[in-house]
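User: Hey, I've got this protein open and could use some help reading it. Can we go through a few spots together?

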Amino acid sequence: MTRFSDRSPPSFGVRTNHEDRGEGAALETVDTARMREHNAGLLLNLIWREEDISRAEIARRTGLSRSTVSAIVANLIASGLVHESGSGDSRGGRRPTLLRFDDRAYGIVGIEMGASHLHVVATDLRGRVLAERQRQHPVVAEPQSTLALLGELVSDCLAKPALPRDRLLGVGVAAPCPVYLDAPGRLCRRLMPKWNEVSVTGELGQSFGCPIYMDNDANLGALAERWWGAGRSGEDLAFIKVATGVGAGLIIGGQIYRGAGGTAGEIGHVAIDPRGPVCRCGLSGCLAAMVGAEPLAERARAELSRGTHSRLSPQQTSLNHIAAAARDGDTLAMQLVAEAGRHLGIGVAGLLNLLNPAVVVLAGPLITAGDLLLAPIRNTVQHGALWESVARSRIQTSELGEAAIAIGAATQVLQAALENQALFPTWKAAQAVG
Ligand SMILES: [Zn+2]
C-alpha cells in the first residue's frame, strides 16, 4: 500500500459538533458514522497533544457532550491508543480520571536513503528514537542490494525494542531526490536512473506488510524540525541539507511547501556565481556545484596537489573529514568551511528575502564545524538580506542532528495516522466490536 502524505501537522482547532449544539448547516448532510469518526479524530489529537487530560476537560474544550466524549474515549481505550493514567486535581468535586495517549502503542520505522548511506530509526508515536542503524552503501548505483540491506537494518531496529511486525504502524522513506506528485512511489529517473524500474514503496510494502510513505529528504528534515526540533513552536521554517547535493525543505503555514510539481526547495540550483563551475544539472555556478561534497573535495585535492600543508589527504576529503579537520584548527579545512559558509550565506539570504522564514535550520556533516560555518553564513546574510527579514529570523544548526531526516521519515507516518485514525489497525478492530 502506498500513501503520499502532503498535509500539515494535525490542526488542533476546536470545531463544534452540530449533533450536540444543533447548529451549522454544513454538517447537516454528514451521516452519523462519519461524524463519529470526525469527532474521534478530534479527541485523539487533543489527547495526543495534551498528554494528560480528563473527560470533562475534553468536553469543555470540544463542545461535545459528556456522553459523546465518554463513548468515544471508551473506543479509544479499547483500541489501545489511550489509557487512564491517574487522577488530576479536583475542581471542588471528585478528582477526575486523566487520559493519556499511549506513545508505545505502535512503532514506526523511518528510513533516510542518502546517495551513499542508509540511516534507519525505529520511533515511538512521539518521535523518540528507540533504535537506530546506519550503513555506508552505494544506494544510487545498487537498488537490489540496497533493498536487501534495508530489510536487514529494519529488522535490527525492530529487534531491540522487541517491536512485533503487527505493531508496526508504517514505514516512512526519505529519498535523496525530488518525489513527484504524479509518481509518489518512485525515485527521480534523471538523478537515480538505476532505480527506474523499481517501485520503492511497492517493494518495501511487500517486505514489511504495512503502509509505506515516501517524500524528499529535505522536506522530511523540515517536518522533523517542525514537530520535534527547531520549529516546534510552530514557526515557518526552512531546512537546508548540505551533503552530496544541497537541498531545502520548506514548511509554510504548518505545511510542507511543494510548489507546482513537487520540486520546491531546490536551493542547490540557485546560481551563486554565473561564472562558476558547471553543475550536474547543466546550469553554471549553482550552490550545489560550489558547496556539495564533490566540489569541496575537489578544491581540497587541488590545494593539496599545490603543496598546501594540511592534515587532509587526497583520500580523506569527505565533508566529515573537512569538518573534523576544521574543528582541529587545520587552516585549509577552516578556509574550505568558511568559503562554503559564504556561498551558503548567499543562498540563505535569497531565501530570507523571498520567504522570510522565522527559522533556517542547517543540516549535514559540515554543521559539526559549528561557528566556523555559521559565522560566515550569518555575516553574508547580514549583507545580502533585507534588515527586517534578518532581524526576524534565526539561523541555526539542526536540533535533531544526523537522525533528523530519518526521524522526519517516521513523522510523516505519524502525521498521516493522527489525521486519519483508521490507519491504526486496532482502531478499526475496536470500532467493529463497539
Ligand atoms: Zn545545478
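User: Is Cys279 buried or exposed?
Analyst: This is a predicted model, and in it Cys279 is buried, because its relative accessible area is 6% and the cut-off for buried is under 20%.

User: And what about His269, how accessible is that one?
Analyst: His269 is partly exposed, with a relative accessible area of 25%.

User: Cool. Which residues coordinate the zinc ion?
Analyst: His269 does, through ND1, along with Cys279, Cys281 and Cys286, each through SG. The distances are 2.0 to 2.3 Å.

User: How are those donors spaced along the chain?
Analyst: They follow H-x9-C-x1-C-x4-C. His269 and Cys279 both lie in the loop between strand 12 (255-256) and helix 8 (288-291), so that pair ties together parts ten residues apart in sequence.

User: What arrangement do the four donor atoms make, and why?
Analyst: Tetrahedral, because the angles they subtend around the zinc ion are 104 to 122 degrees.

User: Switching topic: how do helix 7 and helix 14 cross?
Analyst: The axes of helix 7 (residues 217-228) and helix 14 (residues 404-419) come within 7 Å and cross at roughly 70 degrees. That's why the two helices count as roughly perpendicular to each other.

User: Which residues make the contact?
Analyst: From helix 7, they include Leu220, Leu223, Trp227 and Trp228. From helix 14, Ile405, Ile407, Leu414 and Leu418 are among them.

User: How many in that contact are nonpolar, polar or charged?
Analyst: Eleven are nonpolar, five polar and two charged.

Technical notes: Residues numbered from 1 in each chain as written. Predicted model: local features only at pLDDT ≥ 70, side-chain atom pairs only at ≥ 80, totals over all residues. Heavy atoms only, no water. Axes fitted to C-alpha atoms, helices over the stretch in contact; angles between N-to-C directions. Helix = DSSP H or I, 4+ residues; strand = E, 2+ residues; numbered from the N terminus. Parallel < 35°, antiparallel > 145°, perpendicular 65-115°, else oblique. Contact = heavy atoms within 4.5 Å. Nonpolar A, V, L, I, M, F, W, Y, C, P; charged D, E, K, R; others polar. Donors = N, O, S within 2.8 Å, 3.2 Å for Na, K, Ca; no water. Tetrahedral: all angles 85-135°; square planar, octahedral: opposite > 155°, others 65-115°. Buried < 20%, exposed > 50% of the residue type's maximum accessible area, 1.4 Å probe, protein only.
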